Amino acid sequence: MKDLTTSNHRVRHGAASIIALVVIVVTVLSMVFGILADREANRPNNSIIKQRNVAAMEWEHPEFPTFYKTCNGSHLETLKEAFDETMNVTAVARGRLMAYGSNDRIYKRWFGTGNLYTVIGVLEAIAEIPKEDVLFRCDDIDGLCAANPNYYAGHHRLNATQETVICDFFYETKLPVNKMCSNGSMTSVSPSKFMGIDMIHRLFHVPTMSLDEYIGEYTEEMDEVLEMASNNATFAVKNVDSYLYYLYEVYSNIVKPGGCLGK
């Protein structure tokens, strides 16, 4: 009787082991086929490519600029929200770069055949380069906000190159990134309309962020940025607005499946 009990136990144990092995094999095969299917969906061809959205990989050491004492509680709340968006937008873009590389249709649109490692490095620098000496202030120290009340959302201080002034017009007109696609397509609404992306543009005016204009404003208009990607990819990966439009389109696919590129 003891031998029979032992035999039944071994049979049950063996069956359980086989079931566990089958489950593991099925799981691994599902992952492999899932990856292959996703790569196939992202393979360039003459048809419209459907790509999955890519979740953000959080930055390990996000760095924020310093806010001057003239920024009150309301200012600080909005500015911190804007930089939180900057971190999220760049993290989503990094996730997409890691998933699809330079063969991604969105990457090719804004950077052409430009160097993938340059783009990855720039995004990492936006998020994680030390910014203790990058100062954002909320007082109109140079009088330019008052002189341009319906135009200047902020400006880089040429006589204090580590400083950026944020004007009242910024708080009145900029939108959170979750409002993408709700006010028109990318062809009618510029990337700088959104707080988290606009802050990237402002950061690149600071010499320690642009590496003394290694990243510069070579061209700004959408059609010119697209042309640069096609004909001068070396500069596309060093052009500020190429990054703004790239981040805009990538994140718009998170806000709305398919994004809102427009014609």
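Of the 263 residues of this protein, 44% count as buried. I should say at once that the model is predicted. The protein contains 11 helices and four strands. As for contacts between residues at least 6 apart in sequence, 69% of them join residues at least 24 apart.

Let me turn to the strands. They form an open sheet of four strands in the order E1-E2-E4-E3, and the pairing is mixed. Which strands stand at the edges? The edge strands are E1, residues 66–67, and E3, residues 154–156, each of which pairs on one side only. E1 pairs with strand E2, residues 135–137, in the parallel sense, over two bridges. Within this pairing, Phe67 stands opposite Phe136 in E2.

I move on to the helices, beginning with H9, which spans residues 222–231. Which of its residues are buried? They are Met222, Val225, Met228 and Ala229. These residues lie on the same side of H9, because they cover an arc of only 120° around the axis. On the other side of H9 one finds Asp223, Ser230 and Asn231, which are exposed. The buried residues of H9 have three helices as packing partners: H3 (105–111), H10 (233–236) and H11 (240–255).

Helix H11 also meets helix H2, residues 73–100, and here the two axes come within 9 Å and cross at roughly 85°. H2 is therefore roughly perpendicular to H11. In general, two packed helices are described by the angle between their axes and the distance between the axes. Which residues meet where H2 and H11 come together? From H2 there are Asn88, Val89, Thr90, Val92, Ala93, Arg96 and Leu97, and from H11 there are Tyr246, Leu247, Val250, Tyr251 and Ile254.

Finally, I would draw attention to a loop residue, Ser185. Where is Ser185 found? It sits in the loop between helix H6 (168–173) and helix H7 (195–203). The side chain of Ser185 is joined to that of Thr187 by a polar contact of 2.6 Å. Leaving aside residues up to four places away in sequence, Ser185 touches Tyr248, Cys260, Leu261 and Gly262.

To close, I return to H11. This helix packs against the buried residues of H9, and its axis comes within 9 Å of that of H2.

Note on methods:
Residues numbered from 1 in each chain as written. Predicted model: local features only at pLDDT ≥ 70, side-chain atom pairs only at ≥ 80, totals over all residues. Heavy atoms only, no water. Pairing = 2+ DSSP bridges. Buried < 20%, exposed > 50% of the residue type's maximum accessible area, 1.4 Å probe, protein only. Arc of directions from axis to C-beta. Contact = heavy atoms within 4.5 Å. Polar contact = N/O pair within 3.5 Å; in protein donor to acceptor, adjacent residues only side chain to side chain. Axes fitted to C-alpha atoms, helices over the stretch in contact; angles between N-to-C directions. Parallel < 35°, antiparallel > 145°, perpendicular 65-115°, else oblique.
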